Amino acid sequence: MKPDHQTLAVIGAGSWGTALAKLLADKGAAVRLWARRPALAQAIDRDRENRDYLPGAPLPGNLFVTSDLTQAVAGACGVVMVVPSHGFRPQLAALAPFLDPSALLVSAVKGVENDTLCTMSQVMSQVLPGPLAGRIAVLAGPSFAREVAAGQPTAVTVAGASLDIARAWQRLFHTDRFRVYTSTDLIGLELGGAVKNVVAIAAGIADGLGFGTNTRAALITRGLAEIIRLGLAMGANPLTFSGLGGLGDLVLTCTGDLSRNRQVGLALGQGKGLAQILAGMQMVAEGVRTTRSIYQLAARHRVEMPITEQVYRVLYEGQRPMTAVQELLAREGKDELAVAAVG
């Protein structure tokens with residue numbers, strides 16, 4: 001299933017949306033990048049650079065920037081959704097009436113709705129009319145926007161409602177510096193991308209408290225076990241979590257200095273309050289909102305997720321970071337393989 005023309009829309013002009021728009025435009029597609037704020041759209045179009053969110057990455061002339069949602073998506077063969085998870089549903093509902101009936105849609109958002117506990121593919125299935133709902137996909141994997149925009153070698157996975165859909169997006173995104181693998185495990189790829197942000201907050205807290213690489217490695221490993229448990233309960237393919245959208249993205253987000261979620265945890269571990277941290281951030285750290293959703297999903301599916309539980313308590317119940325660590329370490333001893341399988 002190959003799109004018959006190369007006009008693409010990217011909805012969301014943050015760092016990741018801008019990086020993906022640049023990637024697609026550099027390949028030769030006519031790209032329309034939608035920015036929510038008219039002033040930002042005008043500045044990007046004028047400067048040929050997103051100085052607010054992705055400074056230093058020049059944008060090609062075939063990348064058109066607009067704050068008009070209708071203008072962005074009308075006639076586009078493919079739409080890339082890159083808005084924060086809490087704004088995903090209303091933005092999708094607003095643009096849906098203007099979509100080409102044959103358009104493909106892909107979410108590059110790593111979060112879960114708070115109110116509904118839906119992943120973004122589930123939101124797309126609910127909001128889009130029947131034919132469009134059957135042409136959805138999800139893009140995830142270890143990919144910092146700044147490095148993608150700089151052309152550094154990166155590998156990601158795109159999961160589609162069908163393998164044909166995944167392959168269509170693979171053709172659109174794939175370059176000699178941006179390698180794209182395919183999958184049909186939408187829910188697995190989304191859970192890997194969402195829960196890793198929660199674990200990254202925990203890793204940042206540990207770093208902020210002054211703990212070393214032993215602690216970080218333990219959190220990554222046990223965090224992966226939590227992702228697998230929830231994924232199995234929700235019908236995901238467990239092999240997904242050993243891939244780019246699982247372990248790969250988890251390692252990147254828990255160790256990379258460009259990780260906003262790790263930076264939130266780092267500041268928490270150093271004694272700063274959540275409100276103060278968020279007030280000082282220009283970009284969204286999806287893990288803060290998503291922690292609430294994952295905590296509730298774990299309860300719904302009766303899945304034990306102790307790291308997620310402690311991050312939730314730190315963020316929303318005033319738990320001291322050091323107390324959270326002590327409670328994790330004080331848990332009853334368990335068999336590692338049995339825990340990975342059943343909690």
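This talk walks through the cores, the aromatic pairs, the largest pocket and a few backbone features of one structure, which is a predicted model.

Let me begin with the nonpolar cores. As a general point, nonpolar side chains in soluble globular proteins tend to be buried together. In this model the largest nonpolar core has 44 residues, and those with the most contacts inside it are W16, L20, V80, L139, W169, F173 and F178. Helix α1, which runs over residues 15–26, supplies the largest share of this core, namely seven residues. If you would like one residue to start from on the screen, take V80, which touches A9, V10, I11, L20, L24, V106, A108, W169 and F173, once residues up to four places away in sequence are set aside. Apart from this core there lies another, of 41 residues, which includes L117, L219, L268 and I294.

From that other core I would pick out I294, whose place is in helix α14. With a relative accessible area of 0%, I294 is buried, and, leaving aside neighbours within four places in sequence, I294 is in contact with V112, A194, V195, V198, L230, M305 and T308. For a sense of distance across the model, I294 and R36 are 258 residues apart in sequence and 27 Å apart in space, taken from C-alpha to C-alpha.

Now to the aromatic rings. A pair of aromatic rings is described by the distance of the centres and the angle of the planes. The structure holds four aromatic pairs. In one of them, F173 and F178, the ring centres are 6.4 Å apart and the planes stand at 55 degrees, so this pair is tilted. F173 counts as buried because its relative accessibility is 0%, and F178, at 2%, counts as buried as well. Ring pairs also join W169, F173 and F178 into a cluster, and these three residues are listed among those with the most contacts inside the largest core.

Which other pair deserves a look, and how is it arranged? Y295 and Y312 form a stacked aromatic pair, with 3.8 Å from centre to centre and 5 degrees between the planes. This pair links distant parts of the chain, since Y295 belongs to helix α14 (residues 286–301) and Y312 to helix α15 (residues 306–316), with the two positions 17 residues apart in sequence numbering. Y295 is partly exposed, at a relative accessible area of 29%, whereas Y312, at 11% relative accessibility, counts as buried. A further ring to inspect is that of Y316, over which the charged end of R292 sits, 4.0 Å from the ring centre.

Let me turn to the largest pocket, which holds about 1200 Å³ of space. Its lining is made up of 46 residues, and the closest to the pocket centre are S15, W16, R260, M283 and V284. The elements that give two or more residues to this lining are α1, α4 (85–95), α7 (145–149), α9 (186–208), α11 (244–255) and α12. Of these, α4 gives the most, with four residues. W16 thus appears both close to the pocket centre and in the list for the largest core.

Helix α12, residues 260–269, is mostly covered, in that eight of its 10 residues are buried. The buried ones are N261, R262, V264, G265, L266, A267, L268 and G269. Just after α12, G271 takes a positive phi of about 100 degrees.

That leads me to the backbone. Which residues have a positive phi although they are not glycines? L117 has one of about 60 degrees, and R302 has one of about 55 degrees. L117 is placed in the loop between β5 (104–107) and α5 (120–127) and, at 7% relative accessibility, counts as buried. R302, by contrast, is placed in the loop between α14 and α15 and, at 81% relative accessibility, counts as exposed.

I will finish with L209, found in the loop between α9 and α10 (213–233). L209 counts as partly exposed, at 24% relative accessibility, and, leaving aside neighbours within four places in sequence, is in contact with G269, P321, M322 and V325. L209 and L230 are 21 residues apart in sequence and 28 Å apart in space, C-alpha to C-alpha.

Notes:
Residues are numbered from 1 along each chain as its sequence is written. This is a predicted model: local features need pLDDT of at least 70, side-chain atom pairs count only at pLDDT 80 or more; totals for chains, interfaces and linings use all residues. Side-chain values use heavy atoms; hydrogens and water are left out. A nonpolar core is a set of buried Ala, Val, Leu, Ile, Met, Phe, Trp, Tyr and Cys residues joined through side-chain atoms within 4.5 Å. Buried means under 20% relative accessible area, exposed over 50%, partly exposed in between (1.4 Å probe, protein chains only). Contact means heavy atoms within 4.5 Å. Rings of Phe, Tyr and Trp (its six-membered ring) pair if their centres lie within 6.5 Å; planes under 30 degrees apart count as stacked, over 60 as edge-to-face and the rest as tilted. A charge sits over a ring if NZ of Lys or CZ of Arg is within 6 Å of the ring centre and within 35 degrees of the ring normal. On a 1 Å grid over the protein atoms alone, a cavity is a set of points where a 1.4 Å probe fits but cannot get out, and a pocket is an open set with protein on both sides within 12 Å along at least five of seven lines; lining residues have an atom within 4 Å of a point. Grid points are joined across faces, edges and corners, and a volume is the space filled by probe spheres set on the points.
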